[in-house]
Amino acid sequence: LVPRVSMLSTAQLASVLYAMARAGYREGRIGPALMQELTVVNGQRVLAAAPHEVASIMQSVSALGLHSSQQGSAAWPLLQQAAAQQLPQMQAHQVAQVVRALANASDRSSPLWDQAQNRVVDDAKTWVAVHAEALAGLMHSAASAGKLRPELLQAAASQFAGNGHLVPGRVPEALAGVSPSALASLAYAFSAAHNDDTAAHMLACISSAAASSIIRFPPASLATLLTAMARAGVSDERLVRLAADVLRIRGFSGLGADSAAAVLHALVLLGMRDAAVAGPLAGQGATAVASASPRSLALAAWSLTTIGQPQGAGLKFLEACSDRLTAAAGVQGPQGLCPTTTAKAMCALAMLQASGSQLPAGLQKLAVKLADALAAHKDLHAAVKDTHALKELRSAVPPAAASMGVPADHPLHALLTRA
């Protein structure tokens, strides 16, 4: 294809990019060649493309990371210019594709964010009634990039409620036919609106709708739903019970180690204390340690010890991952522990000690390393974003610190008192 790129129609070029994105194919010369072709004659090919071609190319280019390549950096502004021109003519799912592309590209400065969301706000009734699936995807993408506008949240909630009011526990008619993946996306979007009563009511309604079809949720959508509810602090006893039933039956199949840890953590935050649900994850041991990030290991350890896994499963899990957690304590970036997950791991050790489990030397070393990492922050209240984790840290650690190997004069004690 490389020597024949100029012979492709724009529709064919879009098809090749779509196939590459779907296969995750980033090798060879074809990607740069296609990007170069998009810029010929000052980008006239892109600017003359049909709306569906522009939307498809943008999503594929961003998914492949070609927007940041040498050739793509010239093509990306042209694609945005074309999208801005074509946005009024785009169908709903094409507008959602454009927003997804911006989120994939981490392009937070594009004026397309406001243009796309304005289009939804101006016709929210039609979007909710006819294009709910596209709306959910658009809102999820905007929320993931931190660009979701409050006006869109309010307009969507208003239309989902019909002409009445959102009543927690009652499923609005407009939500009844929404797919599980769209319900999960809507939950993710509305969970981004902190301390907002409308969003909280909407999440309660989404929770009720999800509980009625929980068995149909794919693993990834279930993970998105539960983590969104936990993030927003919206606990629905029926949803939690039914989600636990599903996981008790099918385990964490279909989820990677990080997603499995996030699901278990979310369920525990929402009040689930069923050891049978956590058993499969606790039993993964070395497999989870090898594939999960340090932050996920800390969340899983906290979840297992909070539930109170029988037969020392929480202790065994922490022993299995102690080397990785010790190496990650105080380290910045994705391979390190953030202050909140550091606090979670510290609380897990404190809970083990309080339950009567004598911490072995390796876990005592981990406790001191975690204490050092926390003490490096002069203001724990500002560092540990999760207020519940900070409160638990203050209550659980001081009584168990000495037995955990943390000296009485360690600076963490003074910080916890001030926090």
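In this predicted model, N42 belongs to helix α3, which spans residues 40–47. The backbone of N42 has a positive phi of about 55°, although this residue is not a glycine. N42 counts as exposed because its relative accessibility is 66%, above the 50% cut-off. A positive phi also occurs at S106, with a value of about 50°, and S106 is likewise not a glycine. S106 is found in the loop between α6 and α7, the latter covering residues 112–122. With a relative accessible area of 58%, S106 is exposed.

**Accessibility of selected residues**

The table lists five residues with their locations and relative accessible areas.

| Residue | Location | Relative accessible area | Class |
|---|---|---|---|
| N42 | helix α3 (40–47) | 66% | exposed |
| S56 | helix α4 (51–64) | 16% | buried |
| A96 | helix α6 (92–104) | 10% | buried |
| S106 | loop between α6 and α7 | 58% | exposed |
| T326 | helix α20 (313–328) | 12% | buried |

**Buried positions and their contacts**

S56 lies in helix α4 and is classed as buried because its relative accessible area is 16%, under the 20% limit. When residues up to four places away in sequence are not counted, S56 touches A14 and Q97.

A96, in helix α6, is buried at 10% relative accessible area. Leaving aside neighbours within four places in sequence, A96 is in contact with A134 and L138. The C-alpha atoms of A96 and L78 are 19 Å apart in space, with a separation of 18 residues in sequence.

T326, part of helix α20, is buried with a relative accessible area of 12%. Its contacts, not counting residues up to four places away in sequence, are K365, L366 and K369. Between T326 and G362, which are 36 residues apart in sequence, the C-alpha to C-alpha distance is 9.1 Å.

**Nonpolar core**

In soluble globular proteins, nonpolar side chains tend to be buried together. Here the largest nonpolar core has 156 residues. Within this core, F190 and L225 are the residues with the most contacts. Beyond residues up to four places away in sequence, F190 touches M139, L153, A156, A157, A199, M202, L203 and I206.

**Largest pocket**

The largest pocket holds about 920 Å³ of space. It is lined by 33 residues, of which T227, A230, R231, A232 and L269 are the closest to its centre. Several helices give two or more residues to this lining: α12 (180–191), α13 (197–211), α14 (219–232), α16 (257–269), α19 (294–307), α21 (339–354) and α24 (387–404). The element that gives the most is α14, with five residues.

**Rings and charges**

R231, one of the residues closest to the centre of the largest pocket, also places its charged end over the ring of Y188, 5.0 Å from the ring centre. A second arrangement of this kind involves K344, whose charged end sits over the ring of W302 at 3.6 Å from the centre of that ring. A pair of aromatic rings is described by the distance of the centres and the angle of the planes. How many aromatic pairs are counted in this model? With ring centres required to lie within 6.5 Å, the count comes to zero aromatic pairs.

Notes
Residues numbered from 1 in each chain as written. Predicted model: local features only at pLDDT ≥ 70, side-chain atom pairs only at ≥ 80, totals over all residues. Heavy atoms only, no water. Phe/Tyr/Trp six-rings, centres within 6.5 Å; stacked < 30°, edge-to-face > 60°. Lys NZ or Arg CZ within 6 Å of the ring centre and 35° of its normal. Helix = DSSP H or I, 4+ residues; strand = E, 2+ residues; numbered from the N terminus. Buried < 20%, exposed > 50% of the residue type's maximum accessible area, 1.4 Å probe, protein only. Contact = heavy atoms within 4.5 Å. Core = buried A, V, L, I, M, F, W, Y, C linked by side-chain atoms within 4.5 Å. 1 Å grid on protein atoms, 1.4 Å probe; cavity = no way out; pocket = protein on both sides within 12 Å on 5 of 7 lines; lining within 4 Å. Points joined across faces, edges and corners; volume = space filled by probe spheres on them.
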